[in-house]
Amino acid sequence: MTTTFRGAGASPALGASHDTADIAIIGMAGVYPQADDIDVLWANILARKDAVTESPQDWLNGSGIFDPDTTDLSRIYTRRGGFLGDLSRFDPRRFGTMPLSVTGAQPDQFLALKIAQDALEDAGYPAGQHDHTATGVILGHSVHMHRANSNGIQQTWIADQTRHMLRALLPDTPPERIDEAVRIMQLTLPKLSKDAVPGLVPNIMTGRICNRLDLMGPNYIIDAACSSSIIAVDLAISELRAGRADMMLAGGVNTTTSPLVYVVFCSVDALSRNGRIRPFDANANGTVLGEGAGIVALKRLADALRDGDRIHAVIKGVGQSSDGKSSGLMAPRLEGEVLAVRRAYAQTRVDPATIGLVEAHGTGIPLGDRTEVEALRTVFGARDGKLATIPIGSVKSMIGHCIPASGSAAIIKMAFALSRQVIPPTLCDDVSGDLGLADTQFHVATEARPW
């Protein structure tokens with residue numbers, strides 16, 4: 001491992017175009033359910049560990065919105081998920097951060113900072129010890145309501161609405177008693193301070209990383225729903241190929257899942273009623289949400305080889321598409337998925353016949369899994385022998401669907417599979433005959449085996 005890094009002031013490559021350069025993953029870090037780092041995540045995958053559990057006791061914060069038999073669009077019917085729990089704790093002293101700036105702010109921002117530093121250390125380029133003038137960061141992150149926003153709204157608007165409601169319902173109550181009731185409500189919430197206000201702004205996430213780790217390349221967040229991590233990596237690749245950076249951190253972050261997100265998924269009956277996520281399984285009945293964060297450190301492959309970096313895996317390209325006009329806004333469309341896969345192989349000039357492992361989206365929602373299998377069959381062709389030759393899997397079966405961070409877990413899992421030469425397992429008890437896998441070249445990998 002080299003101990004030098006060429007930053008903007010030293011690299012003759014900065015500003016030059018590298019249109020088709022392969023990209024090396026030289027560092028990886030993350031935290032996922034029951035895995036405080038990626039080595040534990042990999043060990044859990046090989047051990048077929050199911051990290052989906054009941055939610056923490058304080059998750060609903062006293063709310064009564066949970067009802068396992070509900071059909072009410074404002075309630076949820078499951079509390080199971082891939083939760084981080086205590087793994088989401090953050091030590092501000094390590095980063096010279098005031099504790100007051102953490103309380104009441106969005107935890108994702110601080111976990112992202114920790115994971116970014118860990119990724120740089122895994123790459124061999126710790127912050128503060130190398131020139132990171134040409135290092136940037138792009139992260140996938142949802143911009144929907146999160147814990148910090150919810151806290152801010154409750155501390156301000158809802159507190160004021162509660163005050164007006166109590167005055168209307170209890171006109172004879174002295175104003176000071178009503179103010180006391182509102183203060184009691186506010187005391188149950190994280191304190192909102194001036195130092196925590198930046199933590200309410202989603203796009204401060206990557207700016208905070210650059211500020212604390214002294215990175216001077218491009219930085220921004222991207223919200224592309226479930227594909228956020230992959231698109232973040234694709235954009236980071238573009239920065240490297242365009243010569244605007246010599247190293248990029250990319251991935252996805254989703255370390256706090258609010259009950260409101262559960263309400264959205266329950267309203268379309270997308271969550272599993274029994275709280276188990278089993279992609280490709282005959283008994284699959286929906287997905288399960290998960291929390292996590294993962295970041296990879298990327299360099300142009302030629303630069304990584306020149307600098308003697310450890311290379312976990314190589315990315316040749318990313319294919320993407322939209323579904324266009326389809327029957328439903330949230331329903332998957334076969335034509336769109338086929339187009340994305342074909343674009344990926346056309347862009348990278350890789351023959352699908354050479355593929356040895358596929359990490360699927362695999363959410364456990366029967367319609368989605370069936371559409372994905374059909375898209376792969378369309379691109380790879382039907383089975384031409386008695387046996388399937390390509391294993392397929394989904395890390396979501398073990399940690400849940402981390403939405404903007406789901407792609408980061410998939411990339412890290414695949415990088416380990418390549419570097420360790422192991423086909424990793426997926427949790428699937430009884431492969432569904434309705435998926436049509438028997439007519440494809442794919443089989444679900446349920447046990448670890450040498451690759």
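This section describes salt bridges in a predicted model.

In total, 22 salt bridges were counted in the predicted structure. One of these pairs Asp50 with Arg278, whose side chains meet at a distance of 3.1 Å from N to O. This contact links distant parts of the chain, the two residues being 228 residues apart. Asp50 is placed in the loop between α1 (38–46) and β2 (53–54), whereas Arg278 belongs to the loop between α8 (259–267) and β7 (292–300). With a relative accessibility of 28%, Asp50 is classed as partly exposed. Arg278, by contrast, has a relative accessibility of 8% and is therefore classed as buried, the cut-off for burial being under 20%.

A salt bridge within a single helix is formed by Asp160 and Arg163, with an N to O distance of 3.5 Å. Both residues lie in helix α4 (residues 147–169), where a separation of three residues corresponds to about one turn of the helix. Asp160 is partly exposed, at 37% relative accessibility. Arg163 has a relative accessibility of 19%; because burial requires a value under 20%, Arg163 counts as buried.

A further salt bridge joins the side chains of Arg306 and Asp307, at 2.9 Å from N to O. Here Arg306 is partly exposed, with a relative accessible area of 41%, while Asp307 is buried, with a relative accessible area of 11%. Both residues also take part in one network, in which salt bridges with shared partners connect Asp246, Lys299, Arg300, Asp303, Arg306, Asp307 and Asp309.

Technical notes. Residues are numbered from 1 along each chain as its sequence is written. This is a predicted model: local features need pLDDT of at least 70, side-chain atom pairs count only at pLDDT 80 or more; totals for chains, interfaces and linings use all residues. Side-chain values use heavy atoms; hydrogens and water are left out. A salt bridge is a side-chain nitrogen of Lys or Arg within 4 Å of a carboxyl oxygen of Asp or Glu. Helices (H or I, at least four residues) and strands (E, at least two) are DSSP runs, numbered from the N terminus. Buried means under 20% relative accessible area, exposed over 50%, partly exposed in between (1.4 Å probe, protein chains only).
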